[in-house]
Amino acid sequence: MAKFPYIVIPGKDKDIYLPWISVSLDYPKTHKVTLPVWALIDSGADSCLCCLEIGQWLGIKFKKQPQKVFTAANGEQFSGFKERIKMFFSGKKYFCDFYFSKSIPVKSPIILGQNGFFDQPSLHDRWPSRSNLVAPPYFSPLAFSREKEYYRFVCQKLLYQDQKRRK
Amino acid sequence: MKTINLKKTLAKYQSGWVAINKNFKVVGHAKNFRTLADRYELKHKIVLMPASSDYSGLVTRFHG
């Protein structure tokens, strides 16, 4: 089962615990890479979403991108511009379709959803089952030392394979 | 697994974006993402996050 530290942040009435991970986004067309940004792991979201501000910094020309209409939890509709982005986290890189929209709340500028994040084939062997998945395992929230993280990832993966074999 | 508590770290910042170092301390603040992202490089080993006095009330269910 996935294990990773929750991030505790201030809320109105009580503290908020959020499954945030730090990811870097790379737009291959401009070769611009963001610094690690906290991203919300959200299994309830169908797609990966990102605020327009980050997309503009990456140099994406939004007028040319295909749009898709989304429906939020309150029933409101908003549109997002699709773009293929290279995403770095936990010392690895993944290609992922992101939808950039003005409507993404600033509190959570990057949302990692089912299509693009949870359905990554290369990630499937890193968690036992998609049905009870909350977040990818072997994850360190800060991608500060990638070599160290990769070493940790390899160790944990070997441990996981060993446990699986014993079962 | 221990949680990472950013409550005290973010207490002073109510809007904009903040840069947090590996000791979970705020090392930079700006009104928008662009300003902060242009100020630092990957070698600085920081993480960017939006600042808000209240992170609660976020309900996500994006169906597309």
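1. In this predicted model, A:Asp15 forms a salt bridge with B:Lys7, and the closest N and O atoms of the two residues lie 3.0 Å apart. The pair crosses between the chains, running from B:Lys7 in helix α1 of chain B to A:Asp15 in the loop between β1 and β2 of chain A. As for accessibility, B:Lys7 is partly exposed, with a relative accessible area of 37%, and A:Asp15 is likewise partly exposed, at 26%. Because the class "partly exposed" covers what falls between under 20% (buried) and over 50% (exposed), neither partner of this bridge counts as buried, given 37% for B:Lys7 and 26% for A:Asp15.

2. The count of salt bridges between chain B and chain A is 1, and the pair described above, B:Lys7 with A:Asp15, crosses between these chains. Polar contacts are a separate count: across the interface of chain B and chain A the rule finds 9 residue pairs in polar contact, with both residues at pLDDT 80 or more. On the side of chain B that touches chain A, at least two residues each come from β1, α1 (7-10), β2 (17-20), α2 (33-39) and β4 (47-50) of chain B. Sorted by class, that side of chain B has 20 nonpolar, 10 polar and 9 charged residues.

3. The extent of the interface can be stated in two ways. By contact, 39 residues of chain B meet 46 residues of chain A; by area, the two chains bury about 4000 Å² between them, and 69% of this lies on carbon and sulfur atoms. The second way follows a common convention, since the size of an interface is often given as the accessible area lost when the parts come together.

4. The two chains also share a sheet. This open sheet of 3 strands has the order β2(A)-β1(A)-β1(B), with mixed pairing. Its edge strands, each of which pairs on one side only, are β2 (16-18) of chain A and β1 (4-5) of chain B. Between the chains, strand β1 (residues 7-9) of chain A is joined to β1(B) by 2 bridges, and these two strands run parallel. Within this pairing, A:Val8 stands opposite B:Asn5 in β1(B). In general terms, the strands of a sheet pair through backbone hydrogen bonds, either parallel or antiparallel.

5. Over all chains, the rule gives 5 salt bridges, and one of them lies within chain A, where A:Lys82 forms a salt bridge with A:Asp97, the closest N and O atoms being 3.9 Å apart. A:Lys82 lies in strand β8 (residues 77-89) and A:Asp97 in strand β9 (residues 92-101) of chain A, so this pair ties together parts that are 15 residues apart in sequence. A:Lys82 is partly exposed, with a relative accessible area of 31%, and A:Asp97 is partly exposed as well, at 25%. The same two residues belong, together with A:Arg84, to a network of salt bridges.

6. Chain B has a salt bridge of its own, in which the side chains of B:Glu41 and B:Lys43 meet at 3.9 Å, N to O. Here the partners fall into separate accessibility classes: B:Glu41 is partly exposed, with a relative accessible area of 46%, whereas B:Lys43 is exposed, with 63%. A reader checking this point may note that the cut-off for "exposed" is over 50%, which is why B:Lys43, at 63%, is placed in that class.

How values were computed. Residues numbered from 1 in each chain as written. Chains lettered and ligands numbered in written order. Predicted model: local features only at pLDDT ≥ 70, side-chain atom pairs only at ≥ 80, totals over all residues. Heavy atoms only, no water. Pairing = 2+ DSSP bridges. Helix = DSSP H or I, 4+ residues; strand = E, 2+ residues; numbered from the N terminus. Contact = heavy atoms within 4.5 Å. Buried area = accessible area lost by both parts, 1.4 Å probe. Salt bridge = Lys/Arg side-chain N within 4 Å of Asp/Glu carboxyl O. Polar contact = N/O pair within 3.5 Å; in protein donor to acceptor, adjacent residues only side chain to side chain. Nonpolar A, V, L, I, M, F, W, Y, C, P; charged D, E, K, R; others polar. Buried < 20%, exposed > 50% of the residue type's maximum accessible area, 1.4 Å probe, protein only.
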